[in-house]
Amino acid sequence: MTDEHYKWMRKAVDLAAQSISEQGRVDPPPAVAAVIVKNGTEVASAFRGQCAAGNHAEKCAIESAGGKDLVGAVVYTTLEPCSRRNAPKIACAQRLIDQGVGTVYIGLYDPNPKIFREGWKMLRDAGISLRDFPTDLRNELREMNAAFLSQYRSNGNAIGSATFDYVHSPIFTIGEPSVAIDTKWSHGASGVIHAYAEAGHIALARYAESLDEIDDPSAMDFNLDKQSVTANDGNIIIFRGPRENVYAIVKVEQVLSLDRGDDRNEVTFTYEIRTINVKGPLDEFLE
Ligand SMILES: [Zn+2]
């Protein structure tokens, strides 16, 4: 790593701290900045929200480059460029590809399991060279983005807990990206909560009181007619993941509900991701 590259990454980290977020957002937005360099000279730089509230840093930086030729440019961005946005918005990874940039240095990968490494893959598939920021700068970014990262704190853990506002952010994804299981929640009357999954992917572990009482989660009744269960404090719900044989065992620890007199709508659950070994015909034969 040459000092030259480090200098631009250092600048991007410092700029990220100036990020401006949208008004009224419930979830903590990330602090992000991007610096675009061509032939050793800075062409443009921007932090999140610099050109307009909520605008992504890469988009702002490209705009402030004012149409200059960015072919072969080096981009230093503190967060993995986003891979998808709702139309008509264009994902930053696509914008960088469209500009023909040559190399992208990435600070943090997006902790959202739906985006994690997707931006990297888009750029890689477009033939762009990819490098990571060094550890010291990445740690600074982690600290600066602690609230943003903690939304996805369950990432990579097979066992964990989550607390979130089920009215404003009804989906919570647990497990690392390769086994990610989406749990979806909604408010029920007087303190109960509804949990949702695709038909046949959710079941209530009736009478169970702790996660370790569940021997084989696949033994529960995953009725194809059922897409939701109703639960409250102490209930255990089994979510069957999109990947074969991966289950999330979720214990609802506490439901807070405004309509029951609590000061917020919030659910806390503990969970365990469990992979079931299924013996195929060959395994049985070999025994
Ligand atoms: Zn973006």
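**Exercise 1. In which order do the strands of the open sheet lie, and which are the edge strands?**

*Solution.* Four strands, in the order β7-β8-β9-β11, form an open sheet with antiparallel pairing. The model that shows this sheet is a predicted one.

Step 1. Strands of a sheet pair through backbone hydrogen bonds, in either a parallel or an antiparallel arrangement.

Step 2. An edge strand pairs on one side only, and this holds for β7 (171–174) and for β11 (228–231).

Step 3. From one strand to the next, the twist averages 30°.

**Exercise 2. Trace the pairing across the sheet, from β7 to β11.**

*Solution.* The pairs are taken in turn.

Step 1. β7 and strand β8 (residues 181–187) run antiparallel and are joined by four bridges. Ile171 has Lys184 of β8 opposite it.

Step 2. Between β8 and β9 there are four bridges, again with the strands antiparallel. His187 has Ile193 in β9 as its bridge partner. The hairpin of β8 and β9 has five residues between the strands, and Ser190 in this hairpin takes a positive phi near 35°.

Step 3. β9 pairs with β11 over four bridges in the antiparallel sense. Here Ile193 stands opposite Ala231 of β11.

**Exercise 3. Which side chains of strand β9 are buried, and which are not?**

*Solution.* The general pattern comes before the particular strand.

Step 1. Side chains in a regular strand alternate between the two faces of the sheet.

Step 2. β9 (residues 193–196) shows such alternation: Ile193 and Ala195 point to one face, whereas His194 and Tyr196 point to the other.

Step 3. Ile193 and Ala195 are buried, while His194 and Tyr196 are not. The cut-off for "buried" is under 20% relative accessible area.

**Exercise 4. Are helices α1 and α5 roughly parallel or roughly antiparallel, and which residues meet?**

*Solution.* Two packed helices are described by the angle and the distance between their axes.

Step 1. Helix α1 covers residues 3–16 and helix α5 covers residues 135–144; their axes come within 11 Å and cross at roughly 5°.

Step 2. Angles under 35 degrees count as roughly parallel, and therefore α1 is roughly parallel to α5.

Step 3. On the α1 side the contact involves Tyr6, Met9, Arg10, Val13 and Ala16, which meet Asp136, Leu137, Glu140, Leu141 and Met144 of α5. Among the residues of this contact, seven are nonpolar, none is polar and three are charged.

**Exercise 5. How are the buried residues of α4 and α5 placed around their helices?**

*Solution.* An α-helix has 3.6 residues a turn, so residues three or four places apart point the same way.

Step 1. Gly119, Trp120 and Leu123 are buried in helix α4 (residues 118–125). Viewed down the axis of α4, these buried residues fall within an arc of 100°, so they line one face of the helix.

Step 2. The elements covering the buried residues of α4 include α3 (92–99), β4 (103–108) and β5 (129–132). Just after α4, Gly127 has a positive phi of about 85°.

Step 3. In α5, the buried residues are Leu137, Arg138 and Leu141. Their arc around the axis is only 100°, so they lie on the same side of α5. Their cover includes α1, β3 (74–79), β4 and β5.

**Exercise 6. How many helices and strands does the protein have, and what percentage of its 287 residues is buried?**

*Solution.* The protein has seven helices and 14 strands. Of its 287 residues, 46% are buried.

Conventions
Residues numbered from 1 in each chain as written. Predicted model: local features only at pLDDT ≥ 70, side-chain atom pairs only at ≥ 80, totals over all residues. Heavy atoms only, no water. Axes fitted to C-alpha atoms, helices over the stretch in contact; angles between N-to-C directions. Helix = DSSP H or I, 4+ residues; strand = E, 2+ residues; numbered from the N terminus. Parallel < 35°, antiparallel > 145°, perpendicular 65-115°, else oblique. Contact = heavy atoms within 4.5 Å. Nonpolar A, V, L, I, M, F, W, Y, C, P; charged D, E, K, R; others polar. Buried < 20%, exposed > 50% of the residue type's maximum accessible area, 1.4 Å probe, protein only. Arc of directions from axis to C-beta. Pairing = 2+ DSSP bridges.
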